[in-house]
Amino acid sequence: MISVRNILAIAVKELRSYFASPMAYLIIGLFALLFGQFFYAYLDLFVRRSAGMGQMGGGPSNINQDMIRYVLMNSAIIILFIMPMITMRTYAEEKRSGTIELLLTSPLTDLEIIFGKFFGALGLYAAMLAVTLLDIALLFFFGRPEWRAIAAGYLGLVLLGGCFVSLGLLISSLTKNQIVAGVATFAVFLMLWIVNWTADQSGPTMRAVLNHLSIIDHFDDFARGVIDTKHIVYYLSFIAFGLFLTAKSVDSERWRG
Amino acid sequence: MIEVQHITKRYGGVTAVDDVSFRVDKGEILGFLGPNGAGKTTTMRILTGYMPPTDGKATVAGFDVFTHPIEAKRRTGYLPETPPLYPDMTVREYLDFAAKIKGVPPKERRDRVVAVMKRTHVADMADRHCSKLSKGYRQRVGLGQALIHNPEVLILDEPTAGLDPKQIIETRDLIRSLAGDHTIVLSTHILPEVAQTCQRVVIIAKGRVVAVDTPEGLTARLQGAETLYVQIDAQGAEAGPMLTAIPGVTRVAMSDHREGVHGFEVESARGTDIRRDIARAVVTSGWGLLELRPMRLSLEEIFLQVTTDESAPPPVAAGDSASPPAGDVAQGGVQ
């Protein structure tokens, strides 16, 4: 029923249009810059600390736990800020310019279009992450970090990005105005991050619920290099739910005309 | 090829399309004529599967557009009112993308793109970005997109809107050349277009079909009375009563006069041919008969009558019995 070729056609088209405008380069550059800044700051801190620890005769410090973890946690927050820029145009722009009519009158199913857009945005996100691997490579050049833990961290980043993309698609499908889509997406992402900041003052049930909702909290284990099935399930079901609602939104748009 | 049965579309409280039915045969060009906001675009969007109707059924190339949308869409090419171009793609990239999503096999894609660019005369702009195209080119690239998968059915929403006169003629020629291989529905609010391009016309107003006929048939059926234009080199005062006296004449009106030349509109009941009587009467009176020709309503006048008449039941669809007030016809003919 779902044709991979059609999904690929849409995904490639999406990616192409990102790279046809300065947007993709701006986003990748901005993220690389911020990631680099965190990377440098935490590396500097790590080097000083381990030098100090060495003098005081403490045990060896772990670069995965004491540095990379914090870099990844911080980049997750930056991703939260950058992602609306990637997803805001996906549907809104097609609706504004009328090109959605081409897609919806072509022999494509709604799901093919949605998956195509999802993987297109995820592709740009992957390019964004790939650039940061250059920084990580430096660590391997000078030391011996645990690569599996780093891989787990990046897996977490990809899943987290998938959640942002699926939610961003949904919000973009609700409006014709990409600025509105961007701002609304940003607000929702932010909410999903800070929702558990009041968790400590709440009762035990409420605390569990709030903590579970916080999209960034689930990333902490990945950042530490731990792959926990419960977080994978959380992220995958988040993505699936976002895409499902997007499909409903696109379909209802059709009925409302 | 296309079968539309009792389609109704309501948005909230507004009924955009109200119980529309018509059919289009294979190879035919059907004109969809109506003022802005009459429901043309909505009907076309329903036909192309862009939106479902509130009620009713539509079949394209044998496939119901709601229960088998993919099959129907595979056989339909659609040019929306604004060509759905991606500004950051070149014409070639755009057509290639359209070919991909419309299921043209990868091996044939290149050739199809080249063939379509040739057919729609956009080959010289193949590597130009769509955002940099003029209106005429945008429209033709949009048409190319509709043709790319060689569909059996073409649905064109105002294909000549915004083009200059030369481009309009080219586009019409192109559309005519597509008939036969393709079944075409095109919408327009420009009347000559229908007369020149289409074999059959559906006139739609306020969401309802008010007339379905050939352009010629519409003209003939709407004329409740035959009107002749007669030009004589005599005094109007003398000729008028003489013409009125001819048996079968129901009305005479002087329409123009210059020095020594007078024009009259002479009306008679439908089906009676009084040309010989008029000629004989004029000549026996000793005057010179300078001109004698039947006056036909242009489609434009028909369109105005059909779509502006609010209270009357659809005059054409109802049959021959209904006829508009004769005076209106005559006046319309002169202007």
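Guide: Two residues are in contact if their C-beta atoms, placed from the backbone, lie within 7 Å. The model is predicted: local features need pLDDT of at least 70, side-chain atom pairs count only at pLDDT 80 or more, and totals for chains, interfaces and linings use all residues. Residues are numbered from 1 along each chain as its sequence is written, with chains lettered from A and ligands numbered from 1 in the order in which they are written.

Visitor: What percentage of the contacts in chain B with a separation of 6 or more is between residues 24 or more positions apart?

Guide: Chain B has 13 helices (DSSP H or I, at least four residues) and 14 strands (E, at least two), numbered from the N terminus. Of its 335 residues, 43% count as buried (20 or more other C-beta atoms within 10 Å of the residue's own; exposed is 12 or fewer, partly exposed in between). For contacts in chain B with a separation of 6 or more, the share from residues 24 or more positions apart is 69%.

Visitor: Which strands of the open sheet β2-β1-β4-β5 in chain B stand at the edges?

Guide: The pairing in this four-stranded sheet is antiparallel (strands pair if DSSP finds at least two bridges between them). β1(B), residues 2-11, pairs with β2(B) over seven bridges and with β4(B) over five. The edge strands each have a single partner, so one side of each lacks a neighbour in the sheet; they are β2 (14-24) and β5 (63-64) of chain B.

Visitor: In the hairpin of β1(B) and β2(B), which residue takes a positive phi?

Guide: B:Glu3 stands opposite B:Arg23 in β2(B), and B:Tyr11 has B:Val14 as its bridge partner. Two residues lie between the strands of the hairpin, and the positive phi, near 55 degrees, belongs to B:Gly12.

Visitor: What angle does helix α1 of chain B make with β1(B)?

Guide: Helix α1(B), residues 40-47, packs on the sheet and touches β1, β2 and β4 (55-60) of chain B. Taken between N-to-C directions on a 0 to 180 degrees scale, with axes fitted to C-alpha atoms (for helices over the stretch in contact), the angle is about 120 degrees.

Visitor: Which element gives the largest share of the side of chain A that touches chain B?

Guide: The contact takes 19 residues from chain A and 22 residues from chain B. On the chain A side, two or more residues come from each of α1 (4-20), α5 (100-104) and α11 (229-256). The largest share, five residues, comes from α1(A).
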